[in-house]
Each structure stands twice: as structure tokens, then as C-alpha cells.
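Reader: I would like to practise reading a structure feature by feature. Could you walk me through one?

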Amino acid sequence: MDARFNLFENELAAKFAKRFANAGLVIHQSPLPRTTQELVSLRASQINGCGWCIDMHTKEATAAGEDAARLHLVAAWRESTVFTEAEQAALALAEEGTRLADAHEGVSDRTWALVRKHYDDDQIAALVALVALINAANRLAVIVHQKGGSYEAGMFAAALG
């Protein structure tokens, strides 16, 4: 299936994308580890079935030096030994924050306590914003059927110019 609409060629969508990307830049420049950012973005994108974002975050993580085995195991992080306790807390927050409709409490107190244990306030602010932002990005791409496979590491940063 082809993309329904090109968000990169429409003037209004391009203006929105630039502002959206600038919000992402705040997170990217935050003290939240880059690896954690990519793992969280990848996991939310897997849950939401966003091929474009899975492609982007897998390639950006690889370019940043992330290990292929860890990327392959993100979908099964609970059954893996390759993630730190802090990364597990972030992945749990990503899942619970992405699956809000699946749980009456949204993000559980247990997950929140683990996040508080491993991250400071600035990192938590970045993590919460990241979960919200990646879910919005997933929805944009899924709605218009933006397909994965053509992304090259650094494309997003270059588009910000």
C-alpha cells in the first residue's frame, strides 16, 4: 500500500513537522541517555505498528553505536538480560504510556517508582515528553501510511537544517 499523503511535501504539514521536530530536539539534547531515547522510541513504535518510526529509530540507534542484539530484543525486553534496570524502567513506562487504553491506571505506581529510582527530574521530564512525542509521531505516520525502509540515519537531523 502506498502512502496516502506526503507529510514532507505539503506546506502546512512541513511547518508542523518543523515545530514537532524542534520539540524532539529538546528531548534529544536532554540528559536522558541517547540509547534510552532510541530504545523507548523503538518500543512504542513497535507497539503502534509504525514501520517508518521503527525504521528510523533502529537506524539512528545503530548509527549511535547500539548493539544489534539489544535492538532485536527490544520487543521482548522482559525476557532479556541485555537491558539495565534503568532501561527496563524506561521501557515499562514506554509500554504503559503507549497502551493507556489497555489499563485503567495508565502508568502503574510500580513503574513510576522504578522510573523515579533510576532517573532525575530532568531525565523524567524528557522521558515523559518522549513517550508522548513518539506516540504522536507514530500516529501521524500510521494515519498516512508512511512506510518504513527508506530512512537513512541522519535524515531527520538534516531535515531540520
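Author: We will go from the whole chain to a few chosen helices and residues. Please keep in mind that this is a predicted model.

Reader: Glad to. What are the elements of the chain, and in which order do they run?

Author: From the N terminus on, the order is α-α-α-α-α-α-α-α. The chain has 8 helices and 0 strands.

Reader: How do I judge the overall form?

Author: Compare the radius of gyration with what a compact globule would have. With 161 residues that would be near 15 Å, and the chain has 15 Å, so the two agree. Along its principal axes, the C-alpha trace spans about 45 × 35 × 30 Å. As for burial, 40% of the 161 residues count as buried. The chain exposes about 8900 Å², with carbon and sulfur atoms supplying 57% of that area.

Reader: What share of the contacts joins residues 24 or more positions apart?

Author: Taking the contacts with a separation of 6 or more, such residues account for 72%.

Reader: Let us zoom in on a helix. How do I read its sides?

Author: The general idea is that an α-helix has 3.6 residues a turn, so residues three or four places apart point the same way. Now take α1, residues 11-28, where the buried residues are Ala-13, Phe-20, Ala-21 and Ile-27. They cover an arc of only 105 degrees around the axis, and therefore sit on the same side of α1.

Reader: And which exposed residues does the face turned away from that buried side carry?

Author: That face of α1 carries Glu-11, Arg-19 and Val-26. Look at the start of α1 as well: a side-chain oxygen of Asn-10 comes to within 3.0 Å of the backbone nitrogen of Leu-12.

Reader: How can I check the length of a helix?

Author: Use 1.5 Å a residue and compare the result with the distance between the end C-alpha atoms. The 18 residues of α1 should span 26 Å, and its ends are 25 Å apart, which agrees. For the 13 residues of α3 (residues 51-63), the expected span is 18 Å and the end C-alpha atoms are 18 Å apart, which agrees too.

Reader: Which residues of α3 are buried?

Author: They are Trp-52, Cys-53, Asp-55, Met-56, His-57, Glu-60 and Ala-61. Glu-60 counts as buried because its relative accessibility is 13%, and the cut-off for buried is under 20%.

Reader: What is Glu-60 in contact with, leaving aside its neighbours within four places in sequence?

Author: Glu-60 touches Arg-34 and Glu-38, and also Tyr-151, Glu-152, Ala-153, Gly-154 and Met-155.

Reader: Where should I look for unusual backbone angles?

Author: Start from the rule that most residues other than glycine have a negative phi. Just after α3, Gly-65 takes a positive phi of about 100 degrees. His-145 has a positive phi of about 60 degrees although it is not a glycine. This histidine, His-145, lies in the loop between α7 and α8 (155-160), and at 15% relative accessibility it counts as buried.

Reader: One last residue, please: is Ala-125 buried or exposed?

Author: Neither label fits, because 47% relative accessibility makes Ala-125 partly exposed. Ala-125 belongs to helix α7 (residues 121-143). Between Ala-125 and Met-155 there are 26 Å from C-alpha to C-alpha, with the two 30 residues apart in sequence.

Conventions:
Residues are numbered from 1 along each chain as its sequence is written. This is a predicted model: local features need pLDDT of at least 70, side-chain atom pairs count only at pLDDT 80 or more; totals for chains, interfaces and linings use all residues. Side-chain values use heavy atoms; hydrogens and water are left out. Helices (H or I, at least four residues) and strands (E, at least two) are DSSP runs, numbered from the N terminus. The expected span of a helix is 1.5 Å times one less than its number of residues. Buried means under 20% relative accessible area, exposed over 50%, partly exposed in between (1.4 Å probe, protein chains only). The arc is that of the directions from the helix axis to the C-beta atoms. A polar contact is a pair of N or O atoms within 3.5 Å; within protein, one must be able to donate a hydrogen and the other to accept it, and residues adjacent in sequence count only if both atoms are side-chain atoms. Contact means heavy atoms within 4.5 Å. The radius of gyration is taken over C-alpha atoms; the globule rule is 2.2 Å times the number of residues to the power 0.38. Accessible areas come from the Shrake-Rupley method with a 1.4 Å probe; for residues, only the protein chains shown count as cover.
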